[in-house]
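Open the model in your viewer and keep the selection box at hand. The stops below say what to pick next and what is there.

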Amino acid sequence: MNNFLTAFLVGECFLLCFLLYFHPLKQNSKANRWLSLFAFVLGTIFVGNYIDDFGLSESYPFIVKCFNSLQFILAPSIYISILYFVNPTSKFRIRFWLHFLPFFSFAIIENFAFWGKESISTKTLFEIGQTAFYVRDLLPFQLLVYLFVSYLTLEKHNKNLQLITAATQKINLNWLKLLLLISVFPVLFWINDALGIFPLLVNLN
């Protein structure tokens, strides 16, 4: 990815994170703060790409390993944010922690068992023909599933609203559905990059 574009995306993600977390209107702060976490983790991904592009991964192993671990928060953070947008008065439930099991598992293995060693994210899980499937390739599939479930949650919410009121323009959360749909495209490119389904698209990255 172009270094200027990467730096621009990092700035945009962290700015969005700041604006969402310190939302001036204080409306639905739980949902906005979970969405700000999503923006923050997305920003760290771009920072990680920036470090890798400049060949600095070996110079900052701790930062790289932390960023690798944070990537597993990306999917649950957007999903929990959607849950709070749909139901602002709901409380954080114990079962929500189950969504973070991949993060905790990866973080412990990455930062303790593999400390001082090559990242576990580069370890091969299995191979399909000449294509190797690495641990890091689990991320886009995890995110794709969560985006799909989040979209279904919003669809159910909109249908419930139609049963209550006919004027749903200001409360239907369609902007979130659009955000989810837009997010699907880079995830599909991410999956293509991992599996090499369309080599031409990989070369365009």
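A salt bridge here is a side-chain nitrogen of Lys or Arg within 4 Å of a carboxyl oxygen of Asp or Glu. Keep in mind that this is a predicted model.

**Stop 1: the salt bridges**

Select lysine 177 and glutamate 155. Their side chains meet in a salt bridge, with 2.3 Å from N to O. The pair links distant parts of the chain, 22 residues apart: lysine 177 sits in helix H7 (residues 174-195) and glutamate 155 in helix H6 (residues 138-164). Is lysine 177 buried or exposed? Lysine 177 counts as buried, because its relative accessibility is 13% and the buried class lies under 20%. Glutamate 155 is at 26%, so it counts as partly exposed.

How many salt bridges are there by this rule? The count comes to two. For the other pair, select lysine 65 and glutamate 110, whose side chains meet at 3.8 Å, N to O. Lysine 65 belongs to helix H3 (residues 61-70) and glutamate 110 to helix H5 (residues 101-113), so this bridge ties together parts that are 45 residues apart in sequence. Both lysine 65 and glutamate 110 are buried.

**Stop 2: helix H2**

Now select residues 29-53, which make up helix H2. Check the span between its end C-alpha atoms. The helix has 25 residues, and at 1.5 Å a residue it should span 36 Å; the end C-alpha atoms are 36 Å apart, so the two agree. Step past the end of the helix to glycine 55. H2 is followed by this glycine, whose phi is positive, near 65 degrees.

Go back to serine 29, which is in helix H2. With a relative accessible area of 32%, serine 29 is partly exposed. Add proline 88 to the selection. The C-alpha atoms of serine 29 and proline 88 are 8.6 Å apart, though their positions lie 59 residues apart along the chain.

**Stop 3: the cavity**

Stay with serine 29 and show the cavity surface. The structure holds one cavity of 30 Å³ or more. Its volume is about 40 Å³. Select the lining: Leu20, Tyr21, Phe22, His23, Lys26, Gln27, Ser29, Asn32 and Arg33. Helix H1 (3-21) and H2 are the elements that give two or more residues to this lining. Which element gives the largest share? H2 does, with three residues. Color the lining by type: three residues are nonpolar, four polar and two charged.

**Stop 4: a pocket**

Next, select His23, Gln27, Asn28, Asn32, Phe85, Leu173 and Trp175, which line the second largest pocket. His23, Gln27 and Asn32 also appear in the lining of the largest cavity. The pocket has a volume of about 160 Å³. How does its lining divide by type? Three residues are nonpolar, four are polar and none is charged.

**Stop 5: the cysteines**

Finish with the cysteines. The structure holds zero disulfides. Select cysteine 13: it is in no disulfide, and the nearest cysteine sulfur, that of cysteine 17, is 9.2 Å away. A disulfide would need the sulfur atoms within 2.5 Å. Cysteine 13 counts as buried, because its relative accessibility is 9%. Then pick cysteine 66. With a relative accessible area of 25%, cysteine 66 is partly exposed.

How values were computed: Residues numbered from 1 in each chain as written. Predicted model: local features only at pLDDT ≥ 70, side-chain atom pairs only at ≥ 80, totals over all residues. Heavy atoms only, no water. Helix = DSSP H or I, 4+ residues; strand = E, 2+ residues; numbered from the N terminus. Expected span 1.5 Å × (residues − 1). 1 Å grid on protein atoms, 1.4 Å probe; cavity = no way out; pocket = protein on both sides within 12 Å on 5 of 7 lines; lining within 4 Å. Points joined across faces, edges and corners; volume = space filled by probe spheres on them. Nonpolar A, V, L, I, M, F, W, Y, C, P; charged D, E, K, R; others polar. Buried < 20%, exposed > 50% of the residue type's maximum accessible area, 1.4 Å probe, protein only.
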